[in-house]
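Welcome, and thanks for taking a look at this one with us. Below is a short tour, beginning with a single residue and widening out from there.

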Amino acid sequence: MNTWDRLEGETSLAYEWFCRYRDMGPDRSHAKLVQSYGKKLSYKTQIQVWSKRFDWVTRAEAYDQYMEGQ
């Protein structure tokens, strides 16, 4: 299992948003994520909750490193 795979307890919606975040590349941010999908900036609060709970930053960085090695 890779660190960027869906985690136990992570809802399908939270994982979908993680994948969107992960796929933004090294210049990703929560604000850019919600803006790029046309969500209101207030949705960023939900993104931040998921990000903290499911360690998005570390997982996305691990994905970046993996992709760099490919």
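## A residue at the end of a helix

Let us start with arginine 22, which is found in helix H1, the helix covering residues 12-22. Please keep in mind that the model is predicted. Is arginine 22 buried or exposed? Its relative accessibility is 11%, and because the cut-off for buried is under 20%, arginine 22 counts as buried.

Which residues surround it? Setting aside neighbours within four places in sequence, arginine 22 is in contact with Trp4, Tyr15, Arg28, Ala60, Tyr63 and Asp64. Two of these partners, Trp4 and Tyr63, come up again below as an aromatic pair.

## Helix H1 and its neighbours

Arginine 22 has company on the buried side of the count: Ala14, Tyr15, Trp17, Phe18, Cys19 and Tyr21 in H1 are buried as well. What do the buried residues of H1 pack against? Their partners are helix H2 (30-36), helix H3 (44-53) and helix H4 (56-69).

## The chain as a whole

Stepping back, the protein chain holds four helices and zero strands, and its pattern along the sequence reads α-α-α-α. The C-alpha atoms fill a box of roughly 35 × 25 × 15 Å along the principal axes. For a compact globule of 70 residues, a radius of gyration near 11 Å would be expected; the protein chain has 12 Å, so the two agree.

Buried residues account for 33% of the 70 residues. If you look at contacts between residues at least 6 apart in sequence, 52% of them join residues at least 24 apart.

As for the outside, the accessible surface of the protein chain comes to about 4700 Å², and carbon and sulfur atoms contribute 49% of that area. The charged side chains number 11 positive and 10 negative, with the centres of the two sets 10 Å apart.

## Aromatic pairs

How many aromatic pairs does a search of the whole structure find? The search finds eight. One of them brings together tryptophan 4 and tyrosine 63: the ring centres are 5.4 Å apart and the planes meet at 75°, so the pair is edge-to-face. This pair links distant parts of the chain, with tryptophan 4 in the segment before H1 and tyrosine 63 in helix H4, 59 residues apart. Both tryptophan 4 and tyrosine 63 are buried.

Another pair is made by phenylalanine 18 and tryptophan 56, whose ring centres lie 5.9 Å apart with planes at 55°, so this pair is tilted. Here, too, distant parts of the chain are linked: phenylalanine 18 sits in helix H1 and tryptophan 56 in helix H4, 38 residues apart. Both phenylalanine 18 and tryptophan 56 are buried. These two rings also belong to one aromatic cluster formed by Tyr15, Phe18, Tyr21 and Trp56.

## An unusual backbone angle

Our last stop is aspartate 55, found in the loop between H3 and H4. Most residues other than glycine have a negative phi. Aspartate 55, though not a glycine, has a positive phi of about 55°.

How accessible is aspartate 55? Its relative accessibility is 38%, so aspartate 55 counts as partly exposed. By contrast, arginine 22, where this tour began, counts as buried.

Note on methods: Residues numbered from 1 in each chain as written. Predicted model: local features only at pLDDT ≥ 70, side-chain atom pairs only at ≥ 80, totals over all residues. Heavy atoms only, no water. Helix = DSSP H or I, 4+ residues; strand = E, 2+ residues; numbered from the N terminus. Buried < 20%, exposed > 50% of the residue type's maximum accessible area, 1.4 Å probe, protein only. Contact = heavy atoms within 4.5 Å. Rg over C-alpha atoms; globule rule 2.2 N^0.38 Å. Areas by Shrake-Rupley, 256 points an atom, 1.4 Å probe, with all protein chains shown as cover. Lys, Arg positive; Asp, Glu negative; His and termini not counted. Charge placed at Lys NZ, Arg CZ, Asp CG, Glu CD. Phe/Tyr/Trp six-rings, centres within 6.5 Å; stacked < 30°, edge-to-face > 60°.
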